[in-house]
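Colleague: I am new to this structure, and I would like a close look at a single part, followed outward into its surroundings. Which residue would you choose, and what lies around that part of the chain?

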Amino acid sequence: MLLRGSITTPLQSSPRHTNLKQRNVTVSSQPNLSYPLSISDETLSSRGFILRRTPENLNLEALNKVFVAVGFPRRDPEKIRIALENTDALVWVEERKTQNAVAFARATGDGVFNAIIWDVVVDPSFQGIGLGKAVVERLIEDLVGRGILNIALYSEPRVIGFYRPLGFVADPDGIRGMVYSRKPKRK
């Protein structure tokens, strides 16, 4: 199901990723307003987590294990690397002890008007402690801080309730999302 939402309050922007594909974008200046995060960076740190916004030090095999643990198919690490090169915004949480990703989300888009959030995952061993909200809130903060207000995501029906408190609504203007899908021919 396609979910779409917008946040009208301007948020603080965070720096663009230095090792992601760079794009020249002009965004109008917006006032800095504080966004109430459900869990602070300091609290995350005190619980043994490190918040990351670049793919540097991201172990793709460990991330793949999280994908599989939540029901995503295993992905080719080289294709994950290419996807990350084409990602506009990225937030992940590293467990300090293992140095592995335990929560992850990324967004792609046109850099001006629209973005789509992809691959929101939290290792099942770490679910229920706010890490999913932490990555999505910061991803939204980053996008809105750049002036991108049309933010969409795809969600399994069973977790739609997770996204509602974060500002997402299903089909807000009666828009129905469509997905191109073509099954491969059998030989």
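Modeller: I would choose Arg-106, which lies in strand 4, a strand that runs from residue 100 to residue 109. Strands (E, at least two residues) and helices (H or I, at least four) are DSSP runs, numbered from the N terminus. This is a predicted model, in which local features need pLDDT of at least 70 and side-chain atom pairs count only at pLDDT 80 or more, while totals for chains, interfaces and linings use all residues. Residues are numbered from 1 along each chain as its sequence is written, and side-chain values use heavy atoms, with hydrogens and water left out.

Although arginine carries a charged side chain in the classification used here, Arg-106 counts as buried because its relative accessibility is 12%, where buried means under 20% relative accessible area, exposed over 50% and partly exposed in between (1.4 Å probe, protein chains only). The side chain of Arg-106 has two polar partners: a polar contact of 2.8 Å joins it to the side chain of Thr-87, and another of 2.8 Å joins it to the side chain of Asp-119. Such a contact is a pair of N or O atoms within 3.5 Å, where within protein one must be able to donate a hydrogen and the other to accept it, and residues adjacent in sequence count only if both atoms are side-chain atoms. If residues up to four places away in sequence are set aside, Arg-106 touches (heavy atoms within 4.5 Å) Ala-83, Leu-84, Thr-87, Ala-89 and Leu-90, and also Ile-116, Ile-117, Trp-118, Asp-119 and Leu-139.

From here the surroundings can be followed outward, beginning with helix 2. Strand 4, the home of Arg-106, is among the elements that cover the buried residues of helix 2, as are helix 3 (77-85) and strand 5. Those buried residues, in a helix that spans residues 60-69, are Leu-60, Ala-62, Leu-63, Asn-64, Val-66 and Phe-67. At the start of helix 2, a side-chain oxygen of Asn-59 reaches to within 2.9 Å of the backbone nitrogen of Glu-61, and just after this helix Gly-71 takes a positive phi of about 105°.

Leu-139, one of the residues that Arg-106 touches, has a number that falls within helix 4 (131-145). Helix 4 is mostly covered, since 14 of its 15 residues are buried. Its end C-alpha atoms are 21 Å apart, which agrees with the 21 Å that its 15 residues should span at 1.5 Å a residue, the expected span being 1.5 Å times one less than the number of residues. Helix 4 is followed by Gly-147, whose phi is positive, near 90°. Further along, Leu-149 lies in the loop between helix 4 and strand 6, and Leu-149 counts as partly exposed because its relative accessibility is 35%. The C-alpha atoms of Leu-149 and Val-112 are separated by 8.8 Å, although these residues are 37 residues apart along the chain.

These parts belong to a chain with five helices and seven strands, which follow the pattern β-α-β-α-α-β-β-β-α-β-α-β when read along the sequence. Of the 187 residues in the chain, 39% are buried, and Arg-106 counts among the buried ones. Among the contacts in the chain with a separation of 6 or more, 70% are between residues 24 or more positions apart.
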